[in-house]
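Dear colleague,

I am handing over the structure we spoke about, and below it you will find an account of what turned up in it. Please read the text with the coordinates open beside you.

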Amino acid sequence: MNNFPLFFIHIPKTAGSSFRVAAEQYFGSDVTYFDYGKGSKETHPDIVKYEYELKDRYLAAKCIKSSAKLLSGHVIYPKYAPFFQPKSVVTFVRDPAQQVRSHFEHFSRLHGYKGSFKDFIKENRFANMQSKALNGVWADAIGFIGITERYNESIALFNQYYGTDIKVLDINKNTAKPSGAYTFSEDEITLIREMNSQDFAFYDYALKRFDVHKNLLNKGLPLVRFGEMNLAPKDKGKQLNMWGCCYEQEEALEADILLDDEVVDQLKLSDYRAQGAERNMHRSGFVGKVYRYPATFEKGQIVKVREKQTQLIMFKDVVS
């Protein structure tokens, strides 16, 4: 699978500027395209012409695909989703409380925001910015999710996975801010959590995913990707609806079914899933499986799905 061009979703105040500049230095400015809006001097002329003037995103994307190594911008995933395989989509996420405060400082300093910090927190346009930017694709399908708080480690992992040699840069910081993390009152953190619950959940997920990604690559094992799909309430505890794949192989993932840690069955994640096909994910969307628990499974028993190559536990459930 060809990884390039990459689509870097630059979520504000997540160290994205450092990554963007370092990536531009690595790939070269002639093959780095930016989309920071019609009025931005950084936005590439092809994007200004086709996306903002002629309003033909297909032609804008055609230019990007034929000429660029990297597309970067303060855009959400769905904007260019039809034109990129998810493996080529990269981003960084940050502790949501730190991201919100940093964004407030940036917006106040450079965009003339006059409200208080609590006013800022309460505005829906600034809430859940990280999860909103990545909406529309299964989380584990995204090629790479770096962690701002583990920036150097993230760059090393990115280079390992994509075979690049991007350098660590540290730019676009608030020089007026004392070193260290922002601190908050109890009222502030309560309000931030209330307004950004989706971002907190996504950040927790991203931290776990980062460690899985790193551990598999460091062991020379395939990077398997997986996730649960929707189940009707009546089916919970009675079956699993899942997807899974490895971008670096054409074969479907195979897994063992464990019941109370004993192997009792096996499956192959090779059934069609429309969303996987629509997002150009992998294997034309043939990455899913519904596993209905046999009548021999008893209430309270623990069901696990263990991927065969990596021995990774992908799913865990309790029979109801």
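A residue is called buried here when its relative accessible area is under 20%, exposed when that value is over 50%, and partly exposed in between. Please keep in mind throughout that this is a predicted model.

By that scale arginine 283, with a relative accessible area of 23%, is partly exposed. Arginine 283 sits in the loop between helix H11 (274–278) and E11, and its phi is positive, about 55°, although it is not a glycine. Asparagine 128 also has a positive phi without being a glycine, in this case of about 50°; it belongs to the loop between helix H6 (117–122) and helix H7 (129–133), and its relative accessible area of 8% makes it buried. As background, most residues other than glycine have a negative phi, and most peptide bonds are trans. On the second of these points, the peptide bond from phenylalanine 4 to proline 5 is cis, with omega near 5°, and proline 5 lies in the segment before E1.

Turning to the interior, the largest nonpolar core holds 76 residues, and Phe7, Phe19, Tyr80 and Val93 are those with the most contacts inside it. A second core, separate from that one, has 14 residues, among them Ala97, Phe107, Phe120 and Phe200. Once residues up to four places away in sequence are set aside, valine 93 touches a list of residues that includes Ile11, Leu134, Ile145, Ile147, Phe202 and Ala206.

Strand E5 contributes residues that are buried on both sides, with Phe144 and Gly146 pointing one way and Ile145 and Ile147 the other. E5 pairs with E4 in the parallel sense over four bridges, and in this pairing phenylalanine 144 of E5 stands opposite valine 90.

Helix H8, residues 151–162, has twelve residues and reaches 16 Å from its first C-alpha to its last, close to the 16 Å expected at 1.5 Å a residue. Its buried residues include Tyr151, Ile155, Leu157, Phe158 and Tyr162, and what covers the buried residues of H8 includes helix H1 (16–27), strand E4 (89–93), strand E5 (144–147) and helix H10 (197–218). Glycine 163, which follows H8, has a positive phi near 70°.

There is also an open sheet of four strands in the order E6-E7-E11-E10, with antiparallel pairing. E6 and strand E10 (271–272) stand at its edges with a single partner strand each, so one side of each is left without a neighbour in the sheet. Within this sheet, strand E7 (residues 239–246) is joined by five bridges to strand E11 (residues 286–292), and glutamine 239 stands opposite arginine 292 in E11.

Why does a search of the whole structure find zero disulfides? For cysteine 245 and cysteine 246 the reason is distance, because the sulfur of cysteine 245 is 7.3 Å from its closest cysteine sulfur, in cysteine 246, too far for a bond, when a disulfide requires the two sulfur atoms to be within 2.5 Å. Cysteine 245 is buried at 1% relative accessibility, and cysteine 246 is buried with a relative accessible area of 2%.

Lastly, histidine 44 lies in the loop between strand E2 (32–34) and helix H2 (45–53) and counts as buried at 18% relative accessibility. Its side chain reaches the backbone nitrogen of aspartate 46 at 3.0 Å, and, leaving aside neighbours within four places in sequence, histidine 44 is in contact with Thr32, Tyr33 and Phe34.

With best regards

Note on methods. Residues are numbered from 1 along each chain as its sequence is written. This is a predicted model: local features need pLDDT of at least 70, side-chain atom pairs count only at pLDDT 80 or more; totals for chains, interfaces and linings use all residues. Side-chain values use heavy atoms; hydrogens and water are left out. Buried means under 20% relative accessible area, exposed over 50%, partly exposed in between (1.4 Å probe, protein chains only). Helices (H or I, at least four residues) and strands (E, at least two) are DSSP runs, numbered from the N terminus. The expected span of a helix is 1.5 Å times one less than its number of residues. Contact means heavy atoms within 4.5 Å. A polar contact is a pair of N or O atoms within 3.5 Å; within protein, one must be able to donate a hydrogen and the other to accept it, and residues adjacent in sequence count only if both atoms are side-chain atoms. Two strands pair if DSSP finds at least two bridges between them. A nonpolar core is a set of buried Ala, Val, Leu, Ile, Met, Phe, Trp, Tyr and Cys residues joined through side-chain atoms within 4.5 Å.
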